[in-house]
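Open your viewer and get ready to click through a protein chain one stop at a time. Each step tells you what to select and what you will find there.

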Amino acid sequence: MANGIGRCLREWGINKIFTVTVDNASSNDVTIKELSKQLTKMGTNLMNGNHLHIRCMAHIMNLVVQDGLKESSVSIERVRHAVRYVRQSPARLKRFQECFDDEQLNCKKTLCLDVPTRWNSTYLMLHRAVEFESAFSHYASYEIGLRHYLEHSYIEVGIPTGEFLSSDWENQLIANEDTILSEMAKKMKEKFNKYWGDPGKMNKIIFISCILDPRYKLESVGYALVKMFGEDPGTTIQAEVKKYMTLLFCEYVKSSSKGVVLASSSDCSSLDTSTSGLSGNQVSTQNIGLLESLMQDIKKYKSGSGGVDTKTELDKYFGEETEDDSKEFDVLLWWKLNSARFHVLAEMARDVLAVPVSSVASECAFSMGGRLLDSFRSSLTPKLVQTLVCLQDWLRNEKLK
């Protein structure tokens with residue numbers, strides 16, 4: 001996989017990679033390590049690839065929730081199968097809606113079916129189903145087809161779904177402090193700790209991206225770290241993040257495209273040799289010319305060695321007041337407007353703030369699996385499919401406007 005990515009990069013003429021965002025498959029860990037080696041050989045592996053690997057946060061969130069849902073997987077499957085059964089037929093859906101009147105439910109909402117691999121859609125399905133608990137119970141009491149469907153459908157091989165139980169609804173109540181919810185929380189915390197429990201193992205670019213938001217900066221991030229991980233660990237991580245950010249800033253100073261260029265060791269040595277070989281007479285007779293030359297060399301040395309101009313740019317950013325936190329605040333626009341004052345930091349912010357924290361969008365865009373219709377959606381008429389596609393296109397256009 002790393003060799004394949006390397007070939008693509010060479011073909012596209014790309015030799016600088018800041019980060020790579022991937023999901024949590026173990027093969028990706030090896031891939032990023034091998035890719036980091038290739039970038040090192042090319043001489044473009046910034047900070048030795050310490051922040052190259054970005055784990056997709058959407059996948060981690062999904063893994064955390066899925067581990068929790070395992071404790072109530074049977075109840076969730078029953079609800080899922082029941083919702084699917086009702087929605088498979090307009091006649092069934094109409095009979096189900098008639099149960100609203102029987103149960104005196106004044107609601108215009110309808111059932112929604114989830115995508116099992118997307119935890120947020122499962123939440124929406126369960127949230128809506130809980131609202132219709134009494135309607136479901138009434139519907140199941142006289143709809144023989146639903147009971148038959150649940151008895152003859154399977155959660156997995158050899159495990160039938162089974163009929164609705166009163167405990168199925170209790171297992172979905174967030175406020176119910178029972179052993180099942182306790183186990184759910186425990187499983188989710190274990191998975192959370194696997195990826196985010198030790199901040200020392202987390203990619204520090206995640207924290208630096210918050211620091212480069214002028215509404216928060218270092219103090220706010222440090223406060224959040226202490227609140228999340230405790231006084232001592234939080235303070236330690238804050239110091240490590242600041243140190244890493246300073247080192248990263250120095251790397252940008254070296255390669256800044258804004259005219260701030262570090263002098264090499266040979267430049268610094270030439271400063272020593274050009275002055276140490278002068279005699280007293282030479283200094284006196286060429287006083288003005290040498291003084292100008294010396295001052296230019298000093299300016300070059302200060303700029304090159306991270307002197308006053310470059311060192312204080314980061315300190316100046318930390319020292320200024322934070323911006324007001326409002327929904328209208330545009331962090332990218334702020335850096336664009338302030339790039340003249342923070343030319344190196346602005347270049348750094350341009351890269352850090354562009355790091356994708358999720359690979360979901362690119363997976364959808366470049367998926368080779370095609371757009372498959374399941375048995376439920378394939379029952380839609382061509383006219384209805386066309387209507388839905390057009391409506392979606394119009395809604396997206398409205399958002400853009």
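The tour below goes from the whole chain to its parts.

**Stop 1: the whole chain**

Start by showing everything as a cartoon. This is a predicted model, and the protein chain contains 21 helices and four strands. Of its 401 residues, 32% are buried. Now think about how the chain folds back on itself: among contacts between residues at least 6 apart in sequence, 74% join residues at least 24 apart.

**Stop 2: colour by confidence**

Next, colour the chain by pLDDT. The mean for the protein chain is 77, with 76% of the residues at 70 or more. Where is confidence lowest, and where is it highest? Select helix H14, residues 265-276, for the low end, with a mean of 32. Then select helix H18, residues 331-337, for the high end, at 93. Widen your selection around H14 to residues 257-287, where the pLDDT is below 50. In the model, this stretch has 30 contacts beyond near neighbours in sequence. A word of care here: where pLDDT is low, the predicted coordinates should not be read in detail.

**Stop 3: the largest nonpolar core**

Now show side chains and select Ile208, Trp335, Leu345 and Met348. These residues have the most contacts inside the largest nonpolar core, which has 38 residues in total. Several helices each supply at least two residues of this core, including H3 (57-69), H10 (179-196), H12 (217-229), H17 (308-319) and H18. Which helix gives the largest share? Select H13 (231-254), another of the contributing helices: eight residues of the core come from H13.

Zoom in on Trp335. Leaving aside residues up to four places away in sequence, Trp335 touches Leu212, Pro214, Tyr317, Phe342, Leu345, Ala346, Ala349 and Leu353. Apart from the largest core lies another one, of 23 residues; to find it, select Ile76, Val79, Met125 and Ala129, which are among its members.

**Stop 4: helix H19 and the loop before it**

Select helix H19 (343-352), one of the helices that contribute to the largest core. Is H19 mostly covered or mostly open? It is mostly covered, with seven of its ten residues buried. Pick them out one by one: Val344, Leu345, Ala346, Glu347, Met348, Ala349 and Val352.

Step back to Ser339, in the loop between H18 and H19. Ser339 counts as partly exposed because its relative accessibility is 31%. Try a distance label here: the C-alpha atoms of Ser339 and Ala349 are ten residues apart along the chain and separated by 9.9 Å.

**Stop 5: a residue on H10**

Move to Asn193, which sits in helix H10. With a relative accessible area of 35%, Asn193 is partly exposed. Draw another distance, this time to Val64. The two residues are 129 places apart along the chain, yet their C-alpha atoms are separated by 9.5 Å.

**Stop 6: two neighbours with a positive phi**

Before selecting anything, recall a general rule: most residues other than glycine have a negative phi. Now select Met47, in the loop between H2 and strand S2 (53-55). Met47 is not a glycine, but its phi is positive, at about 55°. Asn48 is found in the loop between H2 and S2 as well, and Asn48 also has a positive phi of about 55° without being a glycine. Which of the two is buried, and which is exposed? Met47 counts as buried because its relative accessibility is 11%, whereas Asn48 is exposed, with a relative accessible area of 63%.

**Stop 7: the second largest pocket**

For the last stop, switch on a surface. Rolling a probe the size of a water molecule over the atoms shows where empty space is left. The second largest pocket has a volume of about 750 Å³. Of its 25 lining residues, select Ile5, Val20, Thr21, Val22 and Ser362, the closest to the pocket's centre. Helix H1 (2-12), strand S1 (20-22), helix H2 (26-42) and helix H20 (360-366) each give at least two residues to the lining. What kinds of residues form this lining? Colour them by type and you will find 14 nonpolar, eight polar and three charged.

Definitions and conventions:
Residues numbered from 1 in each chain as written. Predicted model: local features only at pLDDT ≥ 70, side-chain atom pairs only at ≥ 80, totals over all residues. Heavy atoms only, no water. 1 Å grid on protein atoms, 1.4 Å probe; cavity = no way out; pocket = protein on both sides within 12 Å on 5 of 7 lines; lining within 4 Å. Points joined across faces, edges and corners; volume = space filled by probe spheres on them. Nonpolar A, V, L, I, M, F, W, Y, C, P; charged D, E, K, R; others polar. pLDDT = per-residue confidence, 0-100. Contact = heavy atoms within 4.5 Å. Core = buried A, V, L, I, M, F, W, Y, C linked by side-chain atoms within 4.5 Å. Buried < 20%, exposed > 50% of the residue type's maximum accessible area, 1.4 Å probe, protein only.
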